[in-house]
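The following exercises concern the structure shown below. Each task is followed by a solution that proceeds step by step.

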Amino acid sequence: MFTKLYIDGKWADSSDGRTFDVLDPATEEVLATVAEATPQDGVRALDAAVAAQASWGKTAPRARAEILRKAFELVAERTEEFAQLITSEMGKPLAESRAEVAYGAEFLRWFSEEAPRVSGRFTTAPDGKNRLVTVKRPVGPCLFVTPWNFPLAMATRKIAPAIAAGCTMVLKPAELTPLTALLFAEVLTEAGLPAGVLNVVTTTDPGAVTGPLLRDPRLRKLSFTGSTAVGKKLIAQSADQVLRVSMELGGNAPFLVFEDADLDAAADGAVLAKLRNGGEACVAANRFLVHASVAEEFTRKLAARMRDYPLGPLVDAKTRAKVSELVEDAVEGGARVVLGGKALEGKGFFYDATVLTDIPVGARLLSEEIFGPVAPVVTFESEEDAVRLANATEYGLVCFAYTRDLHRGLRLAETLETGMLGLNTGIVSNPAAPFGGVKHSGIGREGGAEGIEEYLETTYVAVSDPFGSV
């Protein structure tokens, strides 16, 4: 188990020797003690990234691709090691941890294939006088701040395109789940990544460590996944140095079930959209908007499936307390508990799978991200009503919709205010697709052909008419 800082290709203690504990959310016992980075350690990490940038940026695309491909193979070979570690520090069931390893590894393979495809453009100016050449180059040193809910996949989704584009980086993983990122750093080293290209600093005081980096003119890019509140602060801090920013922020995903939907398929998809990762995901369905004519049947099917779904603990006491608070607020306002509705007694941060109906207008869980296994069901009468309810939020990350009507599906793609739409499916995440939201859910895209563009700058070269002097 790796527990030190990783700077310039070397494992190191914190400069002041301090550490912090990482807990197992299932037992509340100490899992590991990890180095507590200081602001000085953060600057050392950026120093290493800056020093490595020039040579790394000139590395052949194929060489960068081969490192990513080797890393993909190594992660796949060590699936059980990664999965056990993810389950230990984050709490999701082992089967879901294995699925995260496969998902996270796929970003390495995808961007290994994208690296050699980075290309520019050569055109003739409209007036025929000049030639217009555009070339791509790496943005430069990046800072990555990743969340605890997918400790491997959220790291690979940022690191892989940065490596493919030729950028160096400093990674600050979540203090609740730093061990997976540290293991991944070791795997990248084994895959041949040069010293200084990736640096990892772990801390329980992210503002103190990242603040100086955001003010440093040598840093050129920030990518953050986390809450909208923190993202807004980081965007403001990034303004001083006019940093390129990618923000994957909060969500309030509506799950729409229309009167013509296959209700069994919708209930199956709803379980995936709600309970994958225990509901601790920005893309988790947060509000179930169901046509009044099928709401009772759908709710019955959903509760039956959720009752038998294997859940791990929530990540910490604070997260569980927030879930309890949101459920209690709804119930006090008149919501009816169909299933669950309470935290489990004993060790670990467990919470029952919960289904609520008769949700009062103004209930906090309709406007706030739940981040837990709670499914509030609200009814609608028409497609227009459904779209209005779905769009009645400051967020716009993902929507889900079940309908047999193709034209309706296409209308929803144009009327729902969202960055992603799952049409008759409860899972949208795919390394080959652009992940990201609109409104307060973020800026930029991760994955797909668009993902590498977040790490590239465009340079335009005007070339004089080659026939001008003939």
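## Exercise 1. A serine in a helix

Ser324 counts as buried, since its relative accessibility is 13% and the limit for that class is under 20%. The model is a predicted one.

**Task.** State in which helix Ser324 lies and which residues it touches beyond its sequence neighbours.

**Solution.**
1. Ser324 belongs to helix H11, which covers residues 317–332.
2. With residues up to four places away in sequence not counted, Ser324 touches Ala343 and Tyr351.

## Exercise 2. Two cysteines

**Task.** Determine how many disulfides the whole structure holds, and explain why Cys142 is not bonded to Cys167.

**Solution.**
1. A disulfide is a covalent bond between the sulfur atoms of two cysteines.
2. A search of the whole structure yields zero disulfides.
3. For Cys142, the closest cysteine sulfur is that of Cys167, at 4.2 Å. The criterion for a disulfide is a sulfur pair within 2.5 Å, so the sulfur of Cys167 is too far for a bond.
4. Cys167 is likewise in no disulfide, and its nearest cysteine sulfur is that of Cys142.
5. As to exposure, Cys142 is buried, with a relative accessible area of 0%. Cys167 is also buried, and its relative accessible area is 0%.

## Exercise 3. Packing of two helices

**Task.** Classify the packing of helices H4 and H5 from the angle between them, and describe the residues of the contact.

**Solution.**
1. Helix H4 comprises residues 94–114 and helix H5 residues 153–165; their axes are 8 Å apart and meet at an angle of about 10°.
2. Angles under 35 degrees count as roughly parallel. H4 and H5 are therefore roughly parallel to each other.
3. On the side of H4, the contact is made by Glu100, Tyr103, Gly104, Phe107, Leu108 and Phe111. H5 contributes Ala153, Thr156, Arg157, Ala160, Pro161 and Ala164.
4. Sorted by character, the residues of this contact are eight nonpolar, two polar and two charged.

## Exercise 4. A sheet of three strands

**Task.** Give the strand order of the open sheet that contains E5, E6 and E22, and identify its edge strands.

**Solution.**
1. The order is E5-E6-E22, and the pairing is antiparallel.
2. Strand E5 (121–124) and strand E22 (456–463) pair on one side only, which makes them the edge strands.
3. From one strand to the next, the twist averages 20°.
4. Strand E6, residues 131–138, is joined to E22 by eight bridges, with the two strands running antiparallel. In E22, Glu457 stands opposite Arg137.

## Exercise 5. A sheet of seven strands and its helices

**Task.** Work out the strand order of the seven-stranded open sheet, and state which strands helices H10 and H12 touch.

**Solution.**
1. The strands follow the order E14-E15-E16-E13-E12-E18-E19, with mixed pairing.
2. The edges are formed by strand E14 (336–339) and E19, each of which pairs on one side only.
3. Direction ignored, neighbouring strands are turned by 25° against each other on average.
4. Within the sheet, strand E13 (residues 285–291) and strand E16 (residues 374–380) pair in the parallel sense over four bridges. His291 stands opposite Phe380 in E16.
5. Helix H10 (residues 295–307) packs on the sheet and touches strand E12 (253–257), E13, E14, strand E15 (354–357) and E16. The direction of H10 makes about 165° with that of E15.
6. Helix H12 (residues 383–391) also packs on the sheet, where it touches E12, E13 and E16. Its direction makes about 165° with that of E13.

## Exercise 6. Two residues in strands

**Task.** For Leu423 and Val438, establish the strand, the exposure and the contacts.

**Solution.**
1. Leu423 is placed in strand E19, residues 420–423. Its relative accessible area is 33%, so Leu423 is partly exposed.
2. Apart from neighbours within four places in sequence, Leu423 is in contact with Ala401, Thr403 and Gly409.
3. Val438 is found in strand E20, residues 438–439. At 28% relative accessibility, Val438 counts as partly exposed.
4. Again leaving aside neighbours within four places in sequence, the contacts of Val438 are Tyr395, Gly396, Glu417, Thr418, Gly419 and Arg445.
5. Pro360 serves as a reference point for distance. Its C-alpha atom is separated by 28 Å from that of Leu423, 63 residues apart along the chain. For Val438 and Pro360, 78 residues apart along the chain, the C-alpha separation is 27 Å.

How values were computed:
Residues numbered from 1 in each chain as written. Predicted model: local features only at pLDDT ≥ 70, side-chain atom pairs only at ≥ 80, totals over all residues. Heavy atoms only, no water. Buried < 20%, exposed > 50% of the residue type's maximum accessible area, 1.4 Å probe, protein only. Contact = heavy atoms within 4.5 Å. Axes fitted to C-alpha atoms, helices over the stretch in contact; angles between N-to-C directions. Parallel < 35°, antiparallel > 145°, perpendicular 65-115°, else oblique. Nonpolar A, V, L, I, M, F, W, Y, C, P; charged D, E, K, R; others polar. Pairing = 2+ DSSP bridges.
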